[in-house]
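Visitor: Could you take me through one part of this model close up? I'd like the sheet, strand by strand, and what packs on it.

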Amino acid sequence: MRIRPIHHTFGPHVDWRYLWKATALSYAPWRYVAGTACNELKQELKKVLPGEPALFTSGRQALFAVLRALDVRPGHEVIVQGYTCVVVPNAIHASGAVPVFADIDRDTLNLTKESVETCITQRTKAVICQHTFGIPAPVKELRSLCDKHGIVLIEDMAHVIPDHSGPGTIGKYGDFLILSFGRDKAISGIEGGAVMSRDPAMAQKIAGMEEAAIHRQWWEVARLLEYPARMYSIVRPLSCTGLLRPVLWTMRQFRLIAPVLTKEEKEGSMSPLLYKLPNACAALALGELKRLETINNHRRTITDFFLRYGKEHGWPMLQGITPGSPLQKFPLFVKDAQRKRAILRKENIHLNDGWTSCVVCPETVNMDIMDYHWGKDPTAEAACEQILSLPTHPTMTVFQAERLARRMDALIKK
Ligand SMILES: Cc1ncc(COP(=O)(O)O)c(C=O)c1O
């Protein structure tokens with residue numbers, strides 16, 4: 001019997017429903033670029049989160065639009081946490097400002113009030129508070145700190161969108177909320193991003209940028225829509241064979257799958273051009289947003305299972321993870337994390353998610369131009385070396401979680 005892969009990146013949202021929807025859209029080229037889905041997605045976002053939404057092709061562009069609306073420019077500083085994705089400091093650099101990396105709490109992988117406070121200067125314009133993997137950051141404390149210093153608070157919700165069951169503090173305190181609809185995020189439109197703005201004047205400014213943004217080409221959207229089928233019918237079936245790597249390499253070389261990060265982005269640059277969210281991606285994200293509670297409940301079930309299993313078996317877990325959290329992934333600290341991932345890969349368990357061994361992720365980023373000074377955030381540096389995350393995504397089954405937990409337990413105790 002062929003064992004289905006356990007993975008983070010082979011189309012984590014792509015089940016038969018998602019595949020069917022993407023395939024149907026791919027046969028309707030007149031719906032690729034423009035249509036009604038963007039407006040419907042905005043209406044749905046307003047039901048879930050406060051503020052006025054604007055849509056772009058990615059979370060990084062949504063963040064860049066916010067920094068531009070705030071008139072962030074050379075001479076300004078924006079505080080961001082160590083242990084983040086390269087696109088976040090890239091957006092800050094693209095605005096002309098300098099990212100200042102604040103250390104994290106080892107138990108939440110998020111900023112703390114104290115670490116941010118030590119980084120505030122006269123030049124600080126904003127704090128970007130990330131809810132890493134869906135673990136809530138201390139937004140209430142950060143809100144009062146930002147108010148005290150007259151600084152803008154941006155909540156980066158790329159990894160989590162709360163529903164009626166919480167997490168209650170996420171999305172309540174930021175002046176702006178950044179969302180991502182990337183392929184492995186809280187919900188997926190294959191690509192996409194949004195900003196929710198609380199201040200009507202700012203919302204109007206960002207709406208102007210959205211209006212002036214460029215349309216994606218139809219063939220770019222066509223390529224995006226092929227991603228679910230390629231993951232479902234090529235990558236996953238080949239994952240247990242030696243063909244996986246050459247096939248993925250070939251797909252990347254021939255641009256058969258759009259890269260999550262470009263070479264230029266890994267070198268620290270970001271295009272200042274803003275793109276509109278394609279209608280087809282909005283339609284996929286809308287379908288997922290309407291099922292948010294179901295998706296989050298699935299994540300809660302898997303998170304709670306790992307939490308229970310880990311407690312029973314004495315795993316070294318993060319104290320910041322609480323039952324009932326819809327985590328994007330379940331992080332653990334283990335010795336020799338890299339080696340354990342390599343062992344598991346041979347068993348068709350693919351746990352490399354790009355968030356390992358790097359303070360600015362992924363590991364292949366050129367750190368020389370990130371404005372990160374080695375030794376600055378010791379907790380983030382230590383954490384990223386030992387981190388090993390387990391999948392909780394919509395296509396990870398409870399049966400797979402049980403198999404993975406047993407295997408992890410054996411590896412941890414070896
Ligand atoms: C913490 C965080 N913020 C923002 C983003 C940007 O999202 P997107 O990929 O949609 O640009 C990412 C994406 O990787 C992320 O991990």
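Guide: Sure, let's start at one pairing: β2 runs antiparallel to strand β11 (residues 193–197), with five bridges between them. Here strands are DSSP E runs of at least two residues and helices H or I runs of at least four, numbered from the N terminus, and two strands pair if DSSP finds at least two bridges between them. Within that pairing, Glu 52 sits across from Ser 197 of β11.

A word on the ground rules: this is a predicted model, so local features need pLDDT of at least 70 and side-chain atom pairs pLDDT 80 or more, while totals for chains, interfaces and linings use all residues. Numbering starts from 1 along each chain as its sequence is written, and side-chain values use heavy atoms, leaving out hydrogens and water.

Zooming out, the sheet is open, with seven strands in the order β2-β11-β10-β9-β8-β3-β5 and mixed pairing. Because β2 (52–56) and β5 (98–102) are the edge strands with a single partner each, one side of each has no neighbour in the sheet. On average, neighbouring strands are turned by 25 degrees against each other, direction ignored (axes are lines fitted to C-alpha atoms, for helices over the stretch in contact; angles run from 0 to 180 degrees between N-to-C directions).

Now the helices. α4 (residues 87–95) packs on the sheet, touching β3 (77–81), β5, β8 (124–130) and β9 (152–156), where contact means heavy atoms within 4.5 Å. The direction of α4 makes about 145 degrees with that of β5. Helix α6 (residues 139–149) packs there too, touching β8 and β9, and makes about 155 degrees with the direction of β9.
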